[in-house]
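Visitor: I have a few minutes before my next run. Can you walk me through this one?
Guide: Sure, take a look and ask away.

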Amino acid sequence: MKFNTGMHQHLLLGQWLRSRYDKLIPDHYSLDDIYVRSTDVDRTLMSAESNLAGLYPPKGNQRWDNMRWMPIPVHTLPETMDYVLAGKKMPTL
């Protein structure tokens, strides 16, 4: 699939971020440490998840069902309400 290249690049970017900032970022994912926001578009949601897979590979009790991936929440807003990431002009009042 064509988008596999982009997902792989985001996985590698997450791994690079992990190695670069390992002393600053906790080893284990915690909802108290990071809040991830994406546009409400499949491509950008998949990019965020791929990046997080590289940044927070599951360790110890975060491994489940023999998977090397764990779900991490990615938050969105509907495009009509997203005036930050969607790059839309905010309506005038």
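**A quick tour of the chain**

Guide: The protein chain has 2 helices and 0 strands. Keep in mind that this is a predicted model.

Visitor: What box do the C-alpha atoms fill?
Guide: Roughly 50 × 35 × 30 Å, taken along the principal axes.

Visitor: And how much of the chain counts as buried?
Guide: Of its 93 residues, 25% count as buried. The accessible surface of the chain is about 7,100 Å². Carbon and sulfur atoms account for 58% of that surface.

Visitor: What share of the contacts comes from residues 24 or more positions apart?
Guide: Among contacts with a separation of 6 or more, those residues account for 63%.

Visitor: OK, the inside. Which residues make up the largest nonpolar core?
Guide: There are 10 residues in all. The set is Ile25, Tyr29, Val36, Ala48, Leu52, Leu55, Tyr56, Met70, Ile72 and Val74.

Visitor: Two tyrosines in there. How many aromatic pairs does a search of the whole structure find?
Guide: It finds 1 aromatic pair. Tyr29 and Tyr56 form an edge-to-face pair, because their ring planes are at 80° and the cut-off for that class is over 60 degrees. The ring centres are 5.8 Å apart.

Visitor: Where do the two sit along the chain?
Guide: Tyr29 is in the loop between helix 1 (4-20) and helix 2. Tyr56 is in the segment after helix 2. They are 27 residues apart, so the pair links distant parts of the chain.

Visitor: Is Tyr56 buried or exposed?
Guide: Buried, at 3% relative accessibility. Tyr29 counts as buried too, at 14%.

Visitor: What sits over the ring of Tyr56?
Guide: The charged end of Arg18, 5.3 Å from the ring centre.

Visitor: And which residues is Tyr56 in contact with, leaving aside neighbours within four places in sequence?
Guide: Arg18 and Tyr29 are on that list. The others are Ile25, Pro26, Asp27, His28, Ile34, Met70 and Ile72.

Visitor: Switching to polar stuff. Where is Asn51?
Guide: Asn51 is in helix 2. It counts as buried, at 14% relative accessibility.

Visitor: What does its side chain make a polar contact with?
Guide: The side chain of Asn51 pairs with the side chain of His10, at 3.4 Å. Beyond its neighbours within four places in sequence, Asn51 is in contact with His10, Leu11, Leu13, Gly14 and Leu17.

Visitor: Now Thr44. Where is that found?
Guide: Thr44 is in helix 2.

Visitor: Buried or exposed?
Guide: Thr44 counts as buried, because its relative accessibility is 19% and the cut-off is under 20%.

Visitor: Which side chain does the Thr44 side chain make a polar contact with?
Guide: That of Ser38, at 3.2 Å. A polar atom of the Thr44 side chain also lies 3.0 Å from the backbone oxygen of Val41. Leaving aside neighbours within four places in sequence, Thr44 is in contact with Ser38 and Thr39.

Visitor: Thr39, then. How far is its C-alpha from that of Leu77?
Guide: The two C-alpha atoms are separated by 7.0 Å. Leu77 and Thr39 are 38 residues apart along the chain.

Visitor: Where does Leu77 lie?
Guide: In the segment after helix 2 (42-55). Leu77 counts as partly exposed, at 30% relative accessibility. Outside its neighbours within four places in sequence, Leu77 is in contact with Arg37, Asp40 and Asp82.

Visitor: Last topic, backbone angles. What is phi of Asp65?
Guide: It is near 55°, a positive value in a residue other than glycine. Most residues other than glycine have a negative phi.

Visitor: And what is the phi of Asn66?
Guide: Asn66 has a positive phi of about 60°, and it is not a glycine either.

Visitor: Are Asp65 and Asn66 buried or exposed?
Guide: Asp65 counts as exposed, at 62% relative accessibility. Asn66 counts as exposed as well, at 78%. Asp65 is in the segment after helix 2, and Asn66 lies in that segment too.

Visitor: Great, that covers my list.

Technical notes:
Residues are numbered from 1 along each chain as its sequence is written. This is a predicted model: local features need pLDDT of at least 70, side-chain atom pairs count only at pLDDT 80 or more; totals for chains, interfaces and linings use all residues. Side-chain values use heavy atoms; hydrogens and water are left out. Helices (H or I, at least four residues) and strands (E, at least two) are DSSP runs, numbered from the N terminus. Buried means under 20% relative accessible area, exposed over 50%, partly exposed in between (1.4 Å probe, protein chains only). Contact means heavy atoms within 4.5 Å. Rings of Phe, Tyr and Trp (its six-membered ring) pair if their centres lie within 6.5 Å; planes under 30 degrees apart count as stacked, over 60 as edge-to-face and the rest as tilted. A charge sits over a ring if NZ of Lys or CZ of Arg is within 6 Å of the ring centre and within 35 degrees of the ring normal. A nonpolar core is a set of buried Ala, Val, Leu, Ile, Met, Phe, Trp, Tyr and Cys residues joined through side-chain atoms within 4.5 Å. A polar contact is a pair of N or O atoms within 3.5 Å; within protein, one must be able to donate a hydrogen and the other to accept it, and residues adjacent in sequence count only if both atoms are side-chain atoms. Accessible areas come from the Shrake-Rupley method with a 1.4 Å probe; for residues, only the protein chains shown count as cover.
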